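Visitor: Could you walk me through this one? I'd like to ask as we go.

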Amino acid sequence: QVQLVESGGGLVQPGGSLRLSCAASGFTVSSYTMRWYRQAPGKERALVAQITAGGDSYADTVKGRFTISRANGKNTVYLQMNSLKTEDTAVYYCYTRHSYSGRWSDYWGQGTQVTVSS
C-alpha cells in the first residue's frame, strides 16, 4: 500500500533553514514523480517543487531558496528550505501520482506544519 509520511516541520525565524522529509513506502521514489505542495490558511494548495527523471523544478516563489532531492537508499524525498520568509508559513504536503491499468491514483501525505515567525 502506498504511503507518504512527512516530518521535519516546526517553528523557524525569518532567514532560517529547515529540511522536510517524506518517507515513502509501497513504491520506490526513484521510479515516480514526487512533489511538494503547501497550503497556507485561507489559500489554495499550491505546488512548491517537483522531481522527475528529467530533473527538478520549482515555483517562482521559492526558486533559488528551496531544493528538492531524493535519498534512494532510504526511499525518502526531501525539501531543503533556506532563507525562509514569513510567507512560507503553511502546511507542507508530499505527493505522488501513479498509473494503474491506464488510470491515475493520487497519494498525499498527512502534512507537516512550517511556521516562519520572529
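Guide: Here come a few questions and answers on the sheet, the disulfide, the core and one loop residue.

Guide: A word on ground rules: this is a predicted model, where local features need pLDDT of at least 70, side-chain atom pairs count only at pLDDT 80 or more, and totals for chains, interfaces and linings use all residues. Residues are numbered from 1 along each chain as its sequence is written, and side-chain values use heavy atoms, with hydrogens and water left out.

Visitor: What is the order of the strands in the open sheet of four strands?

Guide: Strands here are DSSP E runs of at least two residues, numbered from the N terminus, and two of them pair if DSSP finds at least two bridges between them. The pairing in this open sheet is antiparallel, and the order is 1-3-8-7.

Visitor: Which are the edge strands?

Guide: Look for strands that pair on one side only. Those are strand 1 (3-7) and strand 7 (66-71).

Visitor: Which residue in strand 8 stands opposite S69?

Guide: Strand 7 and strand 8 (residues 76-81) run antiparallel, joined by six bridges. Opposite S69 in strand 8 you'll find Y78.

Visitor: Which hand does the disulfide of C22 and C94 have?

Guide: A disulfide here is a pair of cysteine sulfur atoms within 2.5 Å, and C22 and C94 qualify with theirs 2.1 Å apart. The pair links distant parts of the chain, with C22 in strand 3 (residues 18-25) and C94 in strand 9 (residues 90-100), 72 residues apart. The torsion about the S-S bond is about -80°, so the disulfide is left-handed.

Visitor: Which strand gives the most to the largest nonpolar core?

Guide: Such a core is a set of buried Ala, Val, Leu, Ile, Met, Phe, Trp, Tyr and Cys residues joined through side-chain atoms within 4.5 Å. The largest one has 30 residues, and those with the most contacts inside it are M34, W36, L79, M81 and Y92. With four residues, the top contributor is strand 3.

Visitor: Is D88 buried or exposed?

Guide: D88 sits in the loop between strand 8 and strand 9. Buried means under 20% relative accessible area, exposed over 50%, partly exposed in between (1.4 Å probe, protein chains only). At 0% relative accessibility, D88 is therefore buried.

Visitor: Which residue's backbone nitrogen does the side chain of D88 reach?

Guide: Leaving aside neighbours within four places in sequence, D88 is in contact (heavy atoms within 4.5 Å) with R38, V62, R65, F66, S83, V114 and V116. The backbone nitrogen that its side chain reaches, at 2.8 Å, belongs to K85.

Definitions and conventions
Polar contact = N/O pair within 3.5 Å; in protein donor to acceptor, adjacent residues only side chain to side chain.
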